[in-house]
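Take a moment with the sequence and the 3D view below. Then read on with the model open beside the text.

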Amino acid sequence: MDASHDVLVIGAGCAGMRAAIEAFDAGADVALLSKIHPTRSHSGAAEGGINAALGNASEDNPELHAYDTVKGSDYLGDQDAIEILCTEAPDDVYELENWGAVFSRTEDGRIAQRPFGAAGAPRTAYAADITGHVLIQVLYEQIVRRNIPVYEEYFAWKLVEDGGRCVGVLAWDLLHGGLKAISAKTTILATGGAGRLYVGTTNAYACTGDGMTMALRLGVALKDMEMMQFHPTTLAPTGVLITEGSRGEGAFLLNKDGERFLKRYAPNAMELASRDVISRAEQTEIDEGRGIDGNVMLDLRHLGAAKILERLHGTRELSMVFAGVDPIYDPIPVRPGAHYHMGGIDTDVLGRTSLEGLYAAGEVACISVHGANRLGGNALMETITFGRRAGADASDVAFRTPDTRVPESAVRDSEAELQRLLDRRDGERPWRIRDELAETMHQNFGVFRREDQMEEQGRIIEALRERYERVVVEDKGDVFNNDLTQALELGFLLELADCMVVAGLARKESRGAHARPYDYPDRDDENFLRHTVVTWNGDGPELDWKPVTITKWQPAVRTY
Ligand SMILES: Cc1cc2nc3c(=O)[nH]c(=O)nc-3n(C[C@H](O)[C@H](O)[C@H](O)COP(=O)(O)OP(=O)(O)OC[C@H]3O[C@@H](n4cnc5c(N)ncnc54)[C@H](O)[C@@H]3O)c2cc1C
């Protein structure tokens, strides 16, 4: 056994760091573990902002925030969790400010708030268009200030269960090689999303859904896995995100005829309709021949150079560097890209999973506050509020738990398994399978879903999983063996894809991100106002259902 803690937090993005701070402040011996340096975590890429009903731009309150979130979720969000998020968000934002988060300001010095899609009031607090970068730096400062140990560049591969509870993790030391056992009384997964399941995505290379599959392999359920959000403005061809903040500031979406086509899809909300609605509208324009080279255009020109330079400086830079377009003078080519996984590890409002001692928070979790469609600005808020809550409960439970140890046998078995993989001399290279998976997920499980395509994707994944059994890692070394870790990540991705397809086929309706216009074009509350829940039965995914928690908002028809 290599190390032991009260609380181990796996993942050092906004959710993981916020959880670790809370556990530390409660008096726990807590450590963070991350496959990349904390400030390189993907939270740092968040641009547009974080939602809290501060009421600084217009009349607002947590109840309104909750209502918008419920409605935006297409009524699949759990309303108890949503109410907690929206009620606790303002204090959490002020705490970030007190720690040094430099939010953009109003004229009279309060935190400024911009309009975001499907929000009834301008409620997105922001730091220009680098909000995630600012938050991650501030949280890391708090980690350093507390001297919280970080297992940096450790790749968590297997959670370990002993006696019916999670007792820690086995992680590969990326710098030196070798498997390390880290025991913990409670473990919090904060490993982020799985956008790399798709070829066109806003997510970084590290977003491979590791935590979801690690939990799945221990019998923990994944919820609403079919709900992958496509963001409507990702830069062609790279998939780099163009923030919703640009539409919040007034940008238009145009088709090849220069028409603001959203007037035909969302005549009231227009460019501020929710992401699922705009992504479908764009895809329809592109599919029906009104796009330009597979894109539509995001036009900022009328905002004027001064506003673009002040509020959307980073957006301009991204457009110039990655698409060769200066938005002061020309519209930006954009299209829908995989962005955010509303699905994830099934947890309660304290972050607890069904396995004792195991928690999840942030994008890896499904609490569920986003339901079938996440509102922009709510994900960062979720990382902070539910990261904090998971840290508090995990430390509390750890204080009441006797010492736990990763059993020696678990270490030996896993070392032997890794060695078998490294000893293999012939076989297929992982990247081929990874590319095929990402391309076919995009084709067959994208913005629009068809029964035959989803079935086909199920068969493709089965074949890819068979090929994965013979995958070969060419690098046999110990130091920064990306070949090995990418092979392990591919294993995670394949199982997640399988879960998504099974859940997608079962949901025979259109709701939020799950759009089936060809066979089930309508939302069906009678049969499907419930969560899909997938567990792994040894060989493949097994589907079940779980009710949605409704506190006060009964499902109503969404208007745009
Ligand atoms: C481009 C972009 C812009 C966005 N903009 C906004 C926005 O403006 N507002 C908003 O609310 N939301 C936004 N989102 C969504 C939001 O940023 C994310 O959902 C959120 O930051 C995820 O945070 P997290 O802490 O859960 O995960 P991450 O920040 O992704 O952190 C994951 C951590 O887990 C670690 N990890 C993963 N696997 C392993 C492993 N096997 N072993 C060890 N460590 C591991 C990583 O190293 C990392 O430290 C945006 C998302 C993207 C992609």
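The paragraphs below go from the whole chain to its core, its ligand and a few single residues.

Keep in mind that this is a predicted model. The protein chain has 560 residues. Its secondary structure consists of 15 helices and 19 strands. Along the principal axes, the C-alpha atoms fill a box of roughly 65 × 50 × 50 Å. Is the chain as a whole compact? A compact globule with 560 residues would have a radius of gyration near 24 Å, and the protein chain has 22 Å, so the value agrees with a compact globule. Buried residues make up 61% of the chain. The accessible surface comes to about 20100 Å². Of that surface, 48% belongs to carbon and sulfur atoms. Now look at how the chain meets itself. Take the contacts between residues at least 6 apart in sequence: 74% of them join residues at least 24 apart.

Next, go inside. The largest nonpolar core has 136 residues. Leu33, Ile50 and Leu189 have the most contacts inside it. Helix α14, residues 482-506, gives the most to this core, with 14 residues. Apart from this core lies another, of 22 residues. Among its members are Ile278, Val296, Leu298 and Ile308.

Pick out Ile50 in the largest core. Which residues does Ile50 touch, not counting those up to four places away in sequence? Its partners include Val93, Leu96, Phe103 and Leu135. Further along the sequence, they also include Gly377, Leu380, Met381 and Ile384. Polar side chains are found among the partners too, including Arg123 and Thr124.

Helix α14 also holds Thr485. Thr485 has a relative accessible area of 5%, so it is buried. A polar atom of its side chain lies 3.3 Å from the backbone oxygen of Asn482. Leaving out residues up to four places away in sequence, Thr485 touches Phe155, Trp172 and Leu174.

Now find the ligand. How many residues surround the ligand? There are 37, and the closest are Ser41, Ser43, Gly49, Asp210 and Glu363. Backbone atoms of the protein come close to its polar atoms. A backbone N or O atom of Lys35 lies 3.0 Å from a nitrogen atom of the ligand. A polar backbone atom of Ile36 is 3.5 Å from a ligand oxygen. For Gly48, a backbone N or O atom lies 2.8 Å from an oxygen atom of the ligand. Taken alone, the ligand exposes 1000 Å², and the protein buries 97% of that. Several elements give two or more residues to the shell: α1 (14-25), β2 (30-34), β7 (154-162), β14 (332-341) and α10 (378-399). The largest share, four residues, comes from α10.

Move on to His231, in strand β11, residues 228-235. Is His231 buried or exposed? Its relative accessible area is 0%, so His231 is buried. A polar atom of its side chain lies 3.0 Å from the backbone nitrogen of Thr233. Neighbours within four places in sequence aside, the contacts of His231 include Leu241, Glu244, Arg247, Arg275, Arg335 and His339.

Gly195 sits in a loop, between β9 (179-189) and α5 (210-217). Loop or not, Gly195 counts as buried because its relative accessibility is 1%. Thr208 is 13 residues away along the chain, yet the two C-alpha atoms are separated by 6.7 Å. Leaving out residues up to four places away, Gly195 touches Thr201, Asn203, Cys207, Met228 and Ala338.

Last, check some backbone details. Which peptide bond leads into Pro237, and is it cis or trans? The bond from Ala236 to Pro237 is cis, with omega near 0°. Pro237 lies in the loop between β11 and α6 (244-248). The bond from Ile367 to Ser368 is also cis, with omega near 5°. Ser368 belongs to the loop between β17 (365-366) and α10.

Two residues have a positive phi although they are not glycines. Tyr75 has a phi of about 70°. Its place is in the loop between α2 (62-72) and α3 (79-99). Tyr75 counts as buried because its relative accessibility is 3%. Met270 has a phi near 50°. Met270 lies in the loop between β12 (252-254) and α7 (275-287). At 13% relative accessibility, Met270 is under the 20% cut-off, so Met270 counts as buried.

Terms used. Residues are numbered from 1 along each chain as its sequence is written. This is a predicted model: local features need pLDDT of at least 70, side-chain atom pairs count only at pLDDT 80 or more; totals for chains, interfaces and linings use all residues. Side-chain values use heavy atoms; hydrogens and water are left out. A nonpolar core is a set of buried Ala, Val, Leu, Ile, Met, Phe, Trp, Tyr and Cys residues joined through side-chain atoms within 4.5 Å. Buried means under 20% relative accessible area, exposed over 50%, partly exposed in between (1.4 Å probe, protein chains only). Contact means heavy atoms within 4.5 Å. A polar contact is a pair of N or O atoms within 3.5 Å; within protein, one must be able to donate a hydrogen and the other to accept it, and residues adjacent in sequence count only if both atoms are side-chain atoms. The radius of gyration is taken over C-alpha atoms; the globule rule is 2.2 Å times the number of residues to the power 0.38. Accessible areas come from the Shrake-Rupley method with a 1.4 Å probe; for residues, only the protein chains shown count as cover. A residue is near a molecule or strand if one of its heavy atoms lies within 4 Å of it.
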